[in-house]
Amino acid sequence: MIKLENISFDHCIKCTVCTIYCPVARVTHLYPGPKQSGPDTERLRIKNPQLLDISLKYCSNCKRCEIACPSDVKIADIIQTAKWRYSKKEFRIRDFLLSRTDLMGTFGTIFSPIVNFFTHLGIVKYFLDLVFQIPKGRTFPNYASMTFRKWFKEARKYQNKYLEKVVYFHGCYVNYNYPQLGKDVVKVLNALGKGVIITKEKCCGVPLIANGYIKKAQSHGRHNIRVLSRALPHEQARIVSASSSCSLALKHEYPNLLELDNTPIANNIAYITQYVLEEFEKGNIPNLKPLKYTVAYHSPCHLERMGNVAFTIELLRKIPGLTVKILHSECCGISGTYGFKNEYYAISQAVGSELFKIIEEASPDFVVTDCETCKWQIEMNTKYTVVHPISLLAEAIE
Amino acid sequence: MKFDCIIIGGGISGLTAGIRCVKEGLHTAIISSGMSALHFSSGSIDVLGYINNKVVYKPFEALDTLTGTIAQHPYAKCGKALIVEALQFFKQECETQNVYLFDNENLNHFHVTALGTLKPTYFSQRSVFNEDVYNRFKSMKKIVIVNFEGYRDFHPQLAAAQLSKHALFANCEIIAKSIDMPQLQDLTRHPHEYRSIDIARIFENEENVYRIADAIRLAAEGADFVVIPAFMGIHNFNQIHNILQSRTRLLIYEIPTLPPSILGLRIDNALKSRFAQLGGVYIAGDKVVRAESSNDVVQAVYTANHPENPLEAKFYILSTGSFFSGGMISEFNNMYEPVFKLKLHYEPERNKWYSPQFFYSNSHPFLEYGVVTDENLRPYDSKNNIIQNVYCSGAILAHYNPIREGCGSGVAISTAYKAANQIISLYKLMR
Ligand SMILES: Cc1cc2nc3c(=O)[nH]c(=O)nc-3n(C[C@H](O)[C@H](O)[C@H](O)COP(=O)(O)OP(=O)(O)OC[C@H]3O[C@@H](n4cnc5c(N)ncnc54)[C@H](O)[C@@H]3O)c2cc1C
Ligand code: SF4
Ligand code: SF4
């Protein structure tokens, strides 16, 4: 039986524009590029799944091909779907662990000093490389000693003094690795006069999708749609997220890839900078003190795919005193868990090299970007600290 | 979000208008849904190549003849002085990004196509048109056309055969050579699957350039100049060209390839970098799906990714291109412009849209279809009212034929410049 749910491959005019903009095809000939792995072979795959070309596993799902395509072909979605629909799943403990951000996070935060100590130790890295095929050169994000959710238990008490409420989807990274960003989000939203609600969310599912755990991702998705929609205080209320990949998942990947009905929340989701900018444009601007920095802004692939980069840039421009250098759009190469795997590590580093070069050339005080994994990749490969736009705004708020 | 000017469509036209607007201090955004026709074009800028199937040598003189017969022609709305100014502006902006455009002192010149035909054009990049080639043209004895083994989109023998038919090359020996570079084959799983972009990337690695230069020198023995497909990189092409020429001591000339066009990509890159450098906001991969207006004034537009979130501006430029890029949509028996539902010029009967022969000398009528505008490039809505704050530029405009007249990029640049000018003067009045 031919499955015909994504026939956008039929609109492909074979112009090869997608392949020009694919960062993976640029650095390795092991990957034939989006045109071939996407629309070209999808024709064959739908007839006979055995014609699956395993080289498509090199796709990092950055979605740059979809931005470039003049014919609206959902190339990356075709490739992602083919990966899990047609390929035989082999169990890999590494992929299992890398995709269980919540499980790893719970463990990591409880034992954070020990875990952080060990993940920085040379001998442990050697072991990770040997046993798990996790590259030695890779640095790991630290686990926090107290989760964001735990901190929020206190903060929740004073959210009731705000009449209007916003639902905040914080994501695993904020919870386990970087609660400070979550605190900054709460500070900014409170400064705008909005109280914050958080739900019993699960991981958005991005790492699960990337590692082929589709059923699990679907069950997380269903859960999140349910708890988020229930938490909405009224129909027009907003769900904000400060992670570009979580937002992309909630908004696009749930319906397009996981075939979940996200209509109860779809129109309420806003990436945080968009929400804040909307408030600013309504005149709801807190007092801002000037920040005399020169920053280089890197636009994450998934934020670009959502068409949200402009909101972040506009918001940064509203911070007094700040000089923003917009870097030429390049993929940093890490693509979530992709850069954590031996077989892709060299590719991931080669993809990022362009970006690292232009960051060095810009020589800013620090780098600003919206994505947590971009942050790890840039901090590992340049001498610069990477800050989230909302943290910068939080600093400017008096 | 609020802007002074929102440009819909990021092709050569939208980018030219965008650069002009940000330079004058307007807060400007470009929204573009996919990559533009520059990725398919030759990378040379045609202003006016043919009239009545005859080659034009002096485009600015021929303009009067053209606009004399087609009063509605976009060039007629621009006027000669503005067209000259627009082209100079475009040239200078490209130069800021190290893309150097040569003109032939206001005359057209010829560039060689991948099929070996000669096409009149106005501006070409340094590696395609330059004084050296021009001066040596008459005394030339031997030309070598080189291809790279494994690149399947170019046939040097065909190009050589075609070129030698041309009177200009009557006394010239033209030979075709193929360069086999085993070191390059290591780089790929399927050596027969090279596309222009793969080879351009091989050129961008400096180590390879020296090896390629040596291979070219070997292949080109005794030639006056060497023609290669346009592979000399997307970013550091000037440097690559210099290395190749100095190491081989030959004149090396690029010809455009089949899409994706490396020469076109260079211009696309240059214009986008320039726009960003000046502070313009480029929103890629999002499509404007509808507009909101009241009393013939557009208030806001909405995109596919943000159906609930208005993008507002005082002025709009519609440069969404023709059918190919989705600027206009054709259905079985009708055509429409999807963003503002503008009034179009076209024949309602489908069988009048195209000519029976594919390569018909008068080209196909549908190429002349498009948005109808007033003298100032403002369009009409379905009720025949002028939309006050929208201007149209580029391939979406009606009443010209980019193929038959050889004027695609010239019209795109001139009308963009004109539209931007109108907006800039109104903007200054408002302040
Ligand atoms: C194959 C080919 C070869 C050519 N070769 C030459 C040549 O050698 N020399 C020459 O001078 N001219 C050439 N031309 C003609 C010339 O390139 C075009 O006339 C010119 O590029 C048109 O530019 P444009 O900016 O108006 O439109 P386009 O380049 O078509 O750009 C339109 C852009 O708008 C975007 N868009 C469309 N709808 C929307 C929407 N709703 N929302 C957001 N964005 C949207 C599209 O994605 C596209 O990026 C060629 C044209 C083609 C098709
Ligand atoms: S860019 Fe789109 S139309 Fe062009 S080859 Fe790729 S998928 Fe096909
Ligand atoms: S999603 Fe990214 S890596 Fe995958 S094919 Fe598209 S451009 Fe290449």
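Ala, Val, Leu, Ile, Met, Phe, Trp, Tyr, Cys and Pro count as nonpolar, Asp, Glu, Lys and Arg as charged, and the others, Gly among them, as polar. The structure is a predicted model, in which local features need pLDDT of at least 70 and side-chain atom pairs count only at pLDDT 80 or more, while totals for chains, interfaces and linings use all residues. Residues are numbered from 1 along each chain as its sequence is written, chains are lettered from A and ligands numbered from 1 in the order in which they are written, and side-chain values use heavy atoms, with hydrogens and water left out.

**Exercise 1. Describe the surroundings of ligand 2.**

Solution. Begin with the residues near the ligand, where near means that one heavy atom of the residue lies within 4 Å of the molecule. There are 13 such residues around ligand 2, and the closest are A:Cys12, A:Cys15, A:Thr16, A:Cys18 and A:Cys69. Next, sort this shell by residue class, which gives nine nonpolar, two polar and two charged residues.

**Exercise 2. Describe the surroundings of ligand 1 and its polar contacts.**

Solution. The shell of ligand 1 holds 33 residues, the closest being B:Gly34, B:Ser42, B:Val288, B:Ala395 and B:Ser409. Now look for polar contacts (pairs of N or O atoms within 3.5 Å; within protein, one must be able to donate a hydrogen and the other to accept it, and residues adjacent in sequence count only if both atoms are side-chain atoms). A polar side-chain atom of B:Ser42 lies 2.5 Å from an oxygen atom of ligand 1. Polar backbone atoms also take part: that of B:Ala37 is 3.0 Å from a ligand oxygen, and that of B:Ile12 is 3.3 Å from one.

**Exercise 3. Characterise the interface of chain B and chain A.**

Solution. First count the residues in contact, that is, with heavy atoms within 4.5 Å: 34 residues of chain B touch 39 residues of chain A. The size of an interface is often given as the accessible area lost when the parts come together. Here the buried area (the accessible area, with a 1.4 Å probe, that two parts lose on being put together, summed over both) is about 3000 Å², and carbon and sulfur atoms give 54% of it.

Then search for a salt bridge, defined as a side-chain nitrogen of Lys or Arg within 4 Å of a carboxyl oxygen of Asp or Glu. The rule finds one across this interface, and the side chains of A:Asp72 and B:Lys287 meet in a salt bridge with an N to O distance of 3.9 Å. In addition, 13 residue pairs are in polar contact across the interface, both residues at pLDDT 80 or more.

Finally, consider the side of chain B that touches chain A, using helices (H or I, at least four residues) and strands (E, at least two) that are DSSP runs, numbered from the N terminus. The elements that give two or more residues to this side are strand 1 (2–8), helix 8 (196–203), helix 11 (262–277) and strand 13 (281–284) of chain B. Its residues divide into 13 nonpolar, eleven polar and ten charged.

**Exercise 4. Examine two salt bridges of chain B and state whether each partner is buried or exposed.**

Solution. The whole structure holds 36 salt bridges over all chains. In one of them, the side chains of B:Asp4 and B:Lys314 meet at 2.7 Å, N to O. Since B:Asp4 lies in strand 1 and B:Lys314 in strand 16 (residues 311–318) of chain B, the pair ties together parts that are 310 residues apart in sequence. To judge accessibility, call a residue buried under 20% relative accessible area, exposed over 50% and partly exposed in between (1.4 Å probe, protein chains only). B:Asp4, at 10%, is therefore buried, whereas B:Lys314, at 37%, is partly exposed.

The second bridge joins the side chains of B:Glu93 and B:Arg274 at 2.5 Å, N to O. This pair links helix 4 (residues 80–95) with helix 11 of chain B, the two residues being 181 apart. B:Glu93 is buried at 4%, and B:Arg274 is buried at 12%.

**Exercise 5. Place A:Ser329 in its surroundings.**

Solution. A:Ser329 is found in the loop between strand 6 (323–326) and helix 20 (342–362) of chain A, and with a relative accessible area of 26% it is partly exposed. Leaving aside neighbours within four places in sequence, A:Ser329 is in contact with A:Arg64, A:Ser299 and A:Glu304. Its side chain makes a polar contact of 2.6 Å with the side chain of A:Glu304.
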